[in-house]
Amino acid sequence: MPMFNDWRQQELRRLRQESGELFDRLCDALGLPPDSFSPARRSGPTVRFFDNPGRLVVEISSFALDPEDIHLTLKDNVLLVEVVQEQRSASAAGDMLITRKRYSRQTVSRIPLPFRVHAEGAEAVLQDGVLRVFMPKCTQGVQHHIPVRGA
């Protein structure tokens, strides 16, 4: 039975590797970044994409923040999410200030988008710990027939 377990583990590793390679080739053929769809290959918050008519919606969960703490930037079809949290605390004894501490934490997540979007008209809403970013999609070029004539 131990030989079967070894073989099973080897087969599972091989299948995982082959499926990852196939997925990477598919994304490459479609011109899509593979890490935008594979949460196992990316660390950070959970990200989901919704392809709505005319716009892309990106949902980023695990936010227990204020909207002022979140800074969004769209650059080269990558959504940059920068989170800066500052907390201040002070201890006092009577009228005297004894200690003052300032805590600051900064996190940056790079989220490659599955297709091109316009930065103009983009908006974001933070509600119930979920950040939703709405971005208008770039319109696809209109197909135009080009006639070929003889010389």
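Asp 128 sits in the loop between strand S6 (123-127) and strand S7 (130-136). Before we go further, keep in mind that this is a predicted model. Asp 128 has a positive phi of about 55°, although it is not a glycine. With a relative accessible area of 73%, Asp 128 is exposed, because exposed means over 50%.

Asp 76 tells a similar kind of story in another loop, the one between strand S3 (70-75) and strand S4 (78-93). Asp 76 is not a glycine either, yet its phi is positive, about 50°. At 70% relative accessibility, Asp 76 counts as exposed.

**The overall layout**

Stepping back, the chain has one helix and seven strands. Going along the sequence, the order reads α-β-β-β-β-β-β-β. Of the 151 residues in the chain, 21% are buried. The accessible surface comes to about 11,900 Å², and carbon and sulfur atoms account for 52% of that. If you look at contacts between residues at least 6 apart in sequence, 45% of them join residues at least 24 apart.

**The S1-S2 hairpin**

Strand S1 (residues 47-52) pairs with S2 in the antiparallel sense, over six bridges. In this pairing, Asp 51 stands opposite Leu 56 in S2. The two strands form a hairpin with two residues between them, and Gly 54 in the turn has a positive phi of about 85°.

**The core**

Nonpolar side chains tend to be buried together in soluble globular proteins. Here the largest nonpolar core has 16 residues, and the members touching the most others are Val 58, Ile 60, Leu 79 and Leu 113. S1, S2, S4 and S7 each supply at least two residues of this core. Take Leu 79: leaving aside neighbours within four places in sequence, its contacts include Val 58, Ile 60, Leu 113 and Val 133. Leu 72, Thr 73 and Leu 74 are also among the contacts of Leu 79.

**Salt bridges**

Side chains of opposite charge can pair when their charged atoms come close. The count for this model comes to five salt bridges, including these:

| Pair | Closest N to O | Where |
|---|---|---|
| Arg 14 and Glu 11 | 2.7 Å | both in helix H1 (residues 2-30), three residues apart |
| Glu 18 and Arg 14 | 2.7 Å | both in helix H1, four residues apart |
| Glu 59 and Arg 132 | 3.0 Å | strand S2 and strand S7, 73 residues apart |

In the helix, Glu 11, Arg 14 and Glu 18 are linked in a network of salt bridges. The spacing from Arg 14 to Glu 11 is about one turn of the helix, and so is the spacing from Glu 18 to Arg 14. Arg 14 is partly exposed at 34% relative accessible area, as is Glu 11 at 21% and Glu 18 at 36%.

What about Glu 59, is it buried or exposed? Glu 59 is buried, because its relative accessible area is 14% and the cut-off for buried is under 20%. Its place is in strand S2 (residues 55-60), and its salt-bridge partner Arg 132 is partly exposed, at 26%. That pair links distant parts of the chain. Which residues does Glu 59 contact, leaving aside its neighbours within four places in sequence? They are Thr 46, Val 47, Arg 48, Phe 50, Val 130, Leu 131 and Arg 132.

How values were computed: Residues numbered from 1 in each chain as written. Predicted model: local features only at pLDDT ≥ 70, side-chain atom pairs only at ≥ 80, totals over all residues. Heavy atoms only, no water. Contact = heavy atoms within 4.5 Å. Buried < 20%, exposed > 50% of the residue type's maximum accessible area, 1.4 Å probe, protein only. Pairing = 2+ DSSP bridges. Areas by Shrake-Rupley, 256 points an atom, 1.4 Å probe, with all protein chains shown as cover. Core = buried A, V, L, I, M, F, W, Y, C linked by side-chain atoms within 4.5 Å. Salt bridge = Lys/Arg side-chain N within 4 Å of Asp/Glu carboxyl O.
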